[in-house]
Amino acid sequence: MQVSEIMSPHSLTATPDRTIRDAAEIMQRMDTGFLPIGENDRLVGTVTDRDIVVKGIAKDKTADSPLRDVMSTDVLFCYDDQEVAEVARNMGECQVRRMPVVDRDKRLVGVISLGDLSAHGDPSAAGVALEDISA
């Protein structure tokens with residue numbers, strides 16, 4: 001099974017110059033704790049609700065600070081045509097719960113999460129990934 005078969009399509013991104021407040025509002029609207037950051041049609045980072053708290057609030061950033069101040073630029077991603085089991089192993093090894101999905105032109109096409117793996121993919125692979133993430 002390929003990632004494209006179980007990923008969540010993700011059409012919304014923010015740019016690095018948007019504010020922390022903007023990201024929080026988008027996350028609230030989408031009911032997610034993860035937002036890809038794009039610039040010039042390319043994935044350049046990610047921001048999580050945890051990033052906002054740990055890299056933002058805890059370091060005296062304001063809600064009007066730009067996302068570039070809190071985003072992670074070391075972006076782990078997978079391709080939409082990769083095998084789900086391979087991506088699940090990688091998520092476990094890298095200890096991430098979500099991963100942006102790009103096409104072979106490196107354009108964002110979705111996000112895969114442990115929930116996607118569990119609900120639509122291979123529950124045993126999701127279990128192994130979660131065990132590694134929790135270690």
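**Entry 1: overall layout**

I started by counting elements, and the protein chain has 5 helices and 6 strands. I'm keeping in mind that this is a predicted model. Reading from the N terminus, I get the order β-α-β-β-α-β-α-β-β-α-α.

Next I looked up burial: the protein chain has 135 residues, and 41% of them count as buried. I also checked how far apart in the sequence the contacting residues sit. Taking contacts with a separation of 6 or more, 56% are between residues 24 or more positions apart.

**Entry 2: the β2 and β3 hairpin**

How do β2 and β3 pair, parallel or antiparallel? I found the antiparallel sense, over 6 bridges. I picked out one facing pair: Ile37 stands opposite Gly45, which belongs to β3.

The two strands make a hairpin, with 2 residues between them. Asn40 is in that turn, and I noted its positive phi of about 55°.

I then checked how covered β2 is. The strand spans residues 34–39, and 5 of its 6 residues are buried. A general point I jotted down here: side chains in a regular strand alternate between the two faces of the sheet.

**Entry 3: the nonpolar cores**

Which residues have the most contacts inside the largest nonpolar core? My list reads Val3, Cys78, Val87, Met91, Met99, Ile112 and Leu117, out of 14 residues in that core. I looked up which elements give two or more residues to this core, and they are α3 (84–94), β5 and α4 (114–120). The largest share comes from α3, with 4 residues.

Apart from this core I found another one, of 12 residues. Ala23, Leu35, Leu67 and Val70 are among its members.

**Entry 4: the largest pocket**

I went on to the largest pocket, which holds about 440 Å³ of space. It is lined by 17 residues, and the closest to its centre are Phe34, Thr46, Thr48, Val96 and Arg98.

Which elements each supply at least two residues of the lining? I get β3 (42–48), α2 (49–56) and β5 (98–102). So that I don't lose the link with my earlier entries: β3 is the strand that pairs with β2, and β5 also gives residues to the largest nonpolar core.

Last, I sorted the lining by residue class. The pocket is lined by 7 nonpolar, 4 polar and 6 charged residues.

Conventions. Residues numbered from 1 in each chain as written. Predicted model: local features only at pLDDT ≥ 70, side-chain atom pairs only at ≥ 80, totals over all residues. Heavy atoms only, no water. 1 Å grid on protein atoms, 1.4 Å probe; cavity = no way out; pocket = protein on both sides within 12 Å on 5 of 7 lines; lining within 4 Å. Points joined across faces, edges and corners; volume = space filled by probe spheres on them. Nonpolar A, V, L, I, M, F, W, Y, C, P; charged D, E, K, R; others polar. Core = buried A, V, L, I, M, F, W, Y, C linked by side-chain atoms within 4.5 Å. Buried < 20%, exposed > 50% of the residue type's maximum accessible area, 1.4 Å probe, protein only. Pairing = 2+ DSSP bridges. Contact = heavy atoms within 4.5 Å.
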